[in-house]
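Dear colleague,

I am passing on to you the structure that I have been looking through, and below it you will find my notes. Please keep the structure open beside them while you read.

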Amino acid sequence: MTISVKTFFDTATNNATHLVCDDETLSCAVIDPVLDFDLAAGKTLTKSADEIINYVISEGLKVSWILETHVHADHLTSSAYLKEKLGGKTGIGSGVVDVQKTFVAIYNLGDGFAQDGSQFDALFSDNDTFSIGNLEARVIHTPGHTPACATYVIDDCAFTGDTFFMPDSGTARCDFPDGSATQLYN
């Protein structure tokens, strides 16, 4: 079993999107995909996501999962767009339900906004496992930055999202709603 990781770096948001591949089956997972946002025009663009799509197609890969390490405040996600174009299941930590309840109040989203995580195919709890081809992935619940934070351990790699910030690991923020320095430290 061999794993490869390709990272796509979005300079506008300083966000790393990772594509994790089982080289034997060509199954892959996309972690934390960016949807571009043009602030001046007030519209979204898919340039970053299209780069991932082109890579997946050119390499003959099959997307099994599109994963979020948490709900992002610094960029929009292209997970729905990627799922529409490439297939696969979407997943996030089960704490997303708590984040959604907070967001409904803060952003006045109203009763029509689902607060049950149903926008995702899987809501992961601590120690859940799933497969990417022959690769087994394990979820570690890592709240603190947000209640929805999850780390995905795949082979000898841990994809932490904003549990550790780049380039100085260990400096994640905990000032978002329901963030906790104590939880982040633990």
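**What was found**

D32 has a relative accessible area of 3%, so this residue is buried. Please bear in mind from the start that the model is a predicted one. The place of D32 is the loop between β3 and β4 (34-38), and its phi is near 60°, which is a positive value in a residue other than glycine. As background, most residues other than glycine have a negative phi. D155 also departs from that pattern, with a positive phi of about 55° although it is not a glycine. D155 sits in the loop between β12 and β13 (157-159), and because its relative accessibility is 43%, it counts as partly exposed.

**The cysteines**

You may wonder how many disulfides the structure holds. The count is zero. C21 is in no disulfide, and the nearest cysteine sulfur, which belongs to C28, is 5.7 Å away. Seen from the other side, C28 is likewise in no disulfide, with the sulfur of C21 as its nearest cysteine sulfur. A disulfide would need the two sulfur atoms to lie within 2.5 Å, and therefore a separation of 5.7 Å does not qualify. Both cysteines are away from the surface by the accessibility criterion: C21 counts as buried at 4% relative accessibility, and C28 is buried with a relative accessible area of 0%.

**The salt bridge**

Side chains of opposite charge can pair when their charged atoms come close. The structure holds one salt bridge, and it is formed by D121 and K83, whose closest N and O atoms are 2.7 Å apart. This pair links distant parts of the chain, since D121 lies in the loop between α3 (96-107) and β9 (122-124) while K83 lies in helix α2 (residues 79-86), 38 residues apart. D121 counts as partly exposed, at 43% relative accessibility, and K83 is partly exposed too, with a relative accessible area of 32%.

**The helices**

In helix α2 you will also find L86. This residue and V56 are 30 residues apart in sequence, yet their C-alpha atoms are 8.4 Å apart in space. If residues up to four places away in sequence are not counted, L86 touches I53, V56, I57 and V63.

For α3, the length can be checked by a short calculation: at 1.5 Å a residue, its 12 residues should span 16 Å, and because its end C-alpha atoms are 16 Å apart, the two values agree. Which residues of α3 are buried? They are V96, V97, V99, Q100, T102 and V104, and what covers the buried residues of this helix includes β8 (89-93) and β9. Just after α3, N108 takes a positive phi of about 50°.

**The nonpolar cores and the aromatic rings**

The largest nonpolar core has 16 residues, of which W65, L67, F124, F130, I132, Y152 and I154 touch the most other members. At least two residues of this core come from each of β3 (27-31), β6 (62-67), β9, β10 (129-132), β11 (135-141) and β12 (150-154). Apart from it lies another core, of 13 residues, and among its members are C21, A49, I52 and V63.

A pair of aromatic rings is described by the distance of the centres and the angle of the planes. The structure has six aromatic pairs. In one of them, the rings of F124 and F130 have their centres 4.9 Å apart and their planes at 25°, so this pair is stacked. F124 and F130 are both buried. In another, F130 and Y152 are arranged edge-to-face, with 6.1 Å from centre to centre and 80° between the planes. This second pair links distant parts of the chain, with F130 in strand β10 and Y152 in strand β12, 22 residues apart. Y152 is buried, as is F130. Taken together, ring pairs link W65, F124, F130 and Y152 into a cluster, and these four residues are also among those that touch the most other members of the largest nonpolar core.

With kind regards

Terms used. Residues numbered from 1 in each chain as written. Predicted model: local features only at pLDDT ≥ 70, side-chain atom pairs only at ≥ 80, totals over all residues. Heavy atoms only, no water. Buried < 20%, exposed > 50% of the residue type's maximum accessible area, 1.4 Å probe, protein only. Salt bridge = Lys/Arg side-chain N within 4 Å of Asp/Glu carboxyl O. Helix = DSSP H or I, 4+ residues; strand = E, 2+ residues; numbered from the N terminus. Expected span 1.5 Å × (residues − 1). Contact = heavy atoms within 4.5 Å. Core = buried A, V, L, I, M, F, W, Y, C linked by side-chain atoms within 4.5 Å. Phe/Tyr/Trp six-rings, centres within 6.5 Å; stacked < 30°, edge-to-face > 60°.
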